[in-house]
Amino acid sequence: MTTSTLAPAPRYWLMKSEPDECSIDDALAAPNATVPWTGVRNYQARNFMRDGMQVGDGVLFYHSSCPEPGIAGIARVASGTRPDPTQFDPASPYFDPKSPTDAPRWLLLDVQALRKTRLISLAELRSTPLLSQMRVLQKGSRLSITPVEESEWACITDVLMRGD
DNA sequence: GCCAACGTTGGC
DNA sequence: GCCAACGTTGGC
């Protein structure tokens with residue numbers, strides 16, 4: 001007996017975006033509400049995209065480095081990975097002169113925004129006992145992409161159904 | 001602007 | 001391979 005006939009386990013992620021760069025509204029306004037997730041320049045986050053994320057995975061769209069950091073929307077992974085073109089663009093803030101064109105260091109994937117939610121602030125996340133283990137809330141966590149447990153996803157969608 | 005925490009770089 | 005210095009992240 002194998003699990004090959006079963007659907008893959010659902011996976012969930014939190015992805016940080018600076019709303020000045022790409023807010024949930026910006027993503028929803030994009031063609032097909034889909035944006036290429038450029039600018040990931042951390043190997044661990046890249047590896048999550050490359051090795052862990054699958055089309056259809058749930059995404060918590062998180063606004064960071066802004067007056068009101070927190071979860072601002074729900075999205076989904078909409079593609080597999082491909083090289084991030086901004087690494088080769090000298091005019092881009094994400095330019096990486098050390099990335100060989102024939103062996104690109106940095107990848108991106110497409111993220112499709114599904115809906116804007118009320119903002120679940122960082123303070124609210126921190127004050128929710130069921131979310132105390134969330135990777136993004138751990139001390140010193142700086143990763144722009146972090147895995148989310150199914151129980152954490154369920155807790156957040158419950159919170160949204162109650163107040164949203 | 002501050003600063004804690006983390007990742008990367010490079011000399012040795 | 002060690003580790004100090006440096007750069008970045010991101011909340012406050």
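**A short tour: aromatic pairs, a loop and a DNA strand**

Hello everyone, let's start inside the protein: F61 is buried, because its relative accessibility is just 1%. Please keep in mind that this is a predicted model.

Who sits beside F61? W37 does, and the two rings have their centres 5.5 Å apart, with planes at 85 degrees, so the pair is edge-to-face. W37 counts as buried too, at 7% relative accessibility. Now look at where the partners come from. F61 belongs to strand β3, residues 58-63, while W37 is in the loop between β2 and α3, so this pair ties together parts that are 24 residues apart in sequence.

How many aromatic pairs does a search of the whole structure find? Four. Let me show you another of them, Y43 with W106. This pair is tilted, with 4.7 Å from centre to centre and 35 degrees between the planes. Y43 lies in helix α3 and W106 in the loop between β5 and β6, so here the parts tied together are 63 residues apart in sequence. W106 is buried, with a relative accessible area of 4%, whereas Y43 is partly exposed at 40%.

Staying in the loop between β5 and β6, we also meet S92. Is S92 buried or exposed? It counts as buried, because its relative accessibility is 13%. A polar atom of the S92 side chain lies 2.9 Å from the backbone nitrogen of Y94.

Next, let's move to the loop between α2 and β2, where N32 is found. Most residues other than glycine have a negative phi. N32 has a positive one, near 60 degrees, and A33, in the loop between α2 and β2 as well, has a positive phi near 55 degrees. Their surroundings contrast: N32 counts as exposed at 62% relative accessibility, but A33 counts as buried at 12%.

Finally, the DNA. Which residues are around DNA strand C? They are K16, Y62, S64, S65, P69, L122 and R142. By class, that surface has three nonpolar, two polar and two charged residues. Of the strand C atoms within 4 Å of the protein, 79% belong to sugar or phosphate, and the rest to bases.

Two side chains here approach phosphate oxygens of strand C: a polar atom of K16 lies 2.8 Å from one, and an N or O atom of Y62 is 3.0 Å from one. For R142, the partner is a base oxygen of strand C, 2.5 Å from an N or O atom of the side chain.

That's my tour, thank you for listening!

Terms used:
Residues are numbered from 1 along each chain as its sequence is written. Chains are lettered from A and ligands numbered from 1 in the order in which they are written. This is a predicted model: local features need pLDDT of at least 70, side-chain atom pairs count only at pLDDT 80 or more; totals for chains, interfaces and linings use all residues. Side-chain values use heavy atoms; hydrogens and water are left out. Helices (H or I, at least four residues) and strands (E, at least two) are DSSP runs, numbered from the N terminus. Buried means under 20% relative accessible area, exposed over 50%, partly exposed in between (1.4 Å probe, protein chains only). A polar contact is a pair of N or O atoms within 3.5 Å; within protein, one must be able to donate a hydrogen and the other to accept it, and residues adjacent in sequence count only if both atoms are side-chain atoms. A residue is near a molecule or strand if one of its heavy atoms lies within 4 Å of it. Ala, Val, Leu, Ile, Met, Phe, Trp, Tyr, Cys and Pro count as nonpolar, Asp, Glu, Lys and Arg as charged, and the others, Gly among them, as polar. Rings of Phe, Tyr and Trp (its six-membered ring) pair if their centres lie within 6.5 Å; planes under 30 degrees apart count as stacked, over 60 as edge-to-face and the rest as tilted.
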